[in-house]
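Q: Got a minute to go through this structure with me? I'd like to start with strand pairing, then move to helices and the ligand.

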Amino acid sequence: MVALSGVNLRVERGEFVFLVGASGAGKSTLLKLLYREETATRGQILFNGRNLGRLHPSLVPHVRRKIGVVFQDCKLLPNKTALENVAFALEVTGASGREIRRRVPAVLELVGLSNRLRACPHELSSGEQQRVALARAIVNNPAAVIADEPTGNLDPDTAWGIVGLLDEINRRGRTVIMATHAQGIVNRLNRRVVALVEGRINRDDRQGGYGHGPF
Ligand SMILES: Nc1ncnc2c1ncn2[C@@H]1O[C@H](COP(=O)(O)OP(=O)(O)O)[C@@H](O)[C@H]1O
Ligand SMILES: [Mg+2]
């Protein structure tokens, strides 16, 4: 069973890329290769010129810090507050207490959650939970943010809020790669669209729409 084959993709620093395609097309696998959750059986994955497949295991956390990741299910720690969830991502990098106290409230403000700092995930709406996940993804000031169907569980209005934040994150200079099924979002943002069909790139449009192809 091959998840991806013959994929040749170059993403420049600062780009915003939508990755579209039917379930099972290979979107999540492609993203996992990019944040080194999977390694390819053949070929190379280069991030900032570094071959992720040959990365020494001790360097994996170092590269991961430069890539923020957001999932459909936010994967927040259930017994921790919004502040604690975001702080945890900094603590594991060895950041000082002072830095944590400065940066965590700032990123939570950026995602519009200044008034919910002490709420736990079960006290937050799904849109608010995804905002916490976004804050966590950017708190280390990563070069890139990878989002795997981040709006999959959200109603359209809430989804727009999350996409607006990803757009803002991109405008502040970070590369954003987002896998999605949300046709309306893809069509309206008018960004680069890479379409996967059965593990192959079927289309790569500079300013594309979701399209009406076989996916
Ligand atoms: N951990 C895995 N082990 C083996 N096959 C997998 C694994 N994850 C996904 N696949 C398979 O790889 C293909 C691509 O899956 P995936 O990347 O999850 O697609 P998408 O995110 O586009 O829905 C599918 O055929 C899927 O069944
Ligand atoms: Mg997927």
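Q: In E6, which residue is the bridge partner of Ala144?
A: Thr175 is the partner of Ala144 there. Keep in mind that this is a predicted model.

Q: How many bridges join E5 to E6, and do they run parallel or antiparallel?
A: E5 and E6 are joined by 5 bridges and run parallel.

Q: What about E1 and E6, how many bridges there?
A: E1 and E6 share 4 bridges, and this pair runs parallel. Within it, Val17 has Ile177 of E6 as its bridge partner.

Q: How many of the residues of E6 are buried?
A: 4 of the 5 residues in E6 are buried, so call the strand mostly covered.

Q: Switching to helices. What does H6 reach from first C-alpha to last?
A: H6 takes in residues 156-171, 16 residues in total. The helix reaches 22 Å, close to the 22 Å expected at 1.5 Å a residue.

Q: Which residues of H6 are buried?
A: Ala159, Ile162, Val163, Leu165, Leu166, Ile169 and Asn170. They cover an arc of only 150° around the axis, which puts them on the same side of H6.

Q: Why would residues three or four places apart point the same way?
A: An α-helix has 3.6 residues a turn, so that spacing brings them round to the same direction.

Q: And which residues are exposed on the other side of H6?
A: Asp157, Gly164 and Arg171 are exposed there.

Q: What do the buried residues of H6 pack against?
A: Three strands and two helices: E1 (16-20), E5 (144-148) and E6 (175-179), plus H5 (126-138) and H7 (183-189).

Q: What follows H6?
A: Gly173 does, with a positive phi near 105°.

Q: Now H1. Which of its residues are buried?
A: H1 spans residues 27-34, and Lys27, Leu30, Leu31, Leu33 and Leu34 are buried. Down the axis they fall within an arc of 155°, so they line one face of H1.

Q: What does that buried set of H1 pack against?
A: Strands E1, E5, E6 and E7 (192-197).

Q: Which residue just after H1 takes a positive phi?
A: Arg36, at about 65°.

Q: Last topic. What surrounds ligand 1?
A: Met1, Ala3, Gly21, Ser23, Gly24, Ala25, Gly26, Lys27, Ser28 and Thr29. Lys27 is also one of the buried residues of H1.

Q: How does that shell divide by residue type?
A: The shell around ligand 1 has 3 nonpolar, 6 polar and 1 charged.

Key: Residues are numbered from 1 along each chain as its sequence is written. Chains are lettered from A and ligands numbered from 1 in the order in which they are written. This is a predicted model: local features need pLDDT of at least 70, side-chain atom pairs count only at pLDDT 80 or more; totals for chains, interfaces and linings use all residues. The expected span of a helix is 1.5 Å times one less than its number of residues. A residue is buried if 20 or more other C-beta atoms lie within 10 Å of its own, exposed if 12 or fewer, and partly exposed in between; C-beta atoms are placed from the backbone. The arc is that of the directions from the helix axis to the C-beta atoms. Two residues are in contact if their C-beta atoms, placed from the backbone, lie within 7 Å. A residue is near a molecule or strand if its C-beta atom, placed from the backbone, lies within 6 Å of it. Ala, Val, Leu, Ile, Met, Phe, Trp, Tyr, Cys and Pro count as nonpolar, Asp, Glu, Lys and Arg as charged, and the others, Gly among them, as polar. Two strands pair if DSSP finds at least two bridges between them.
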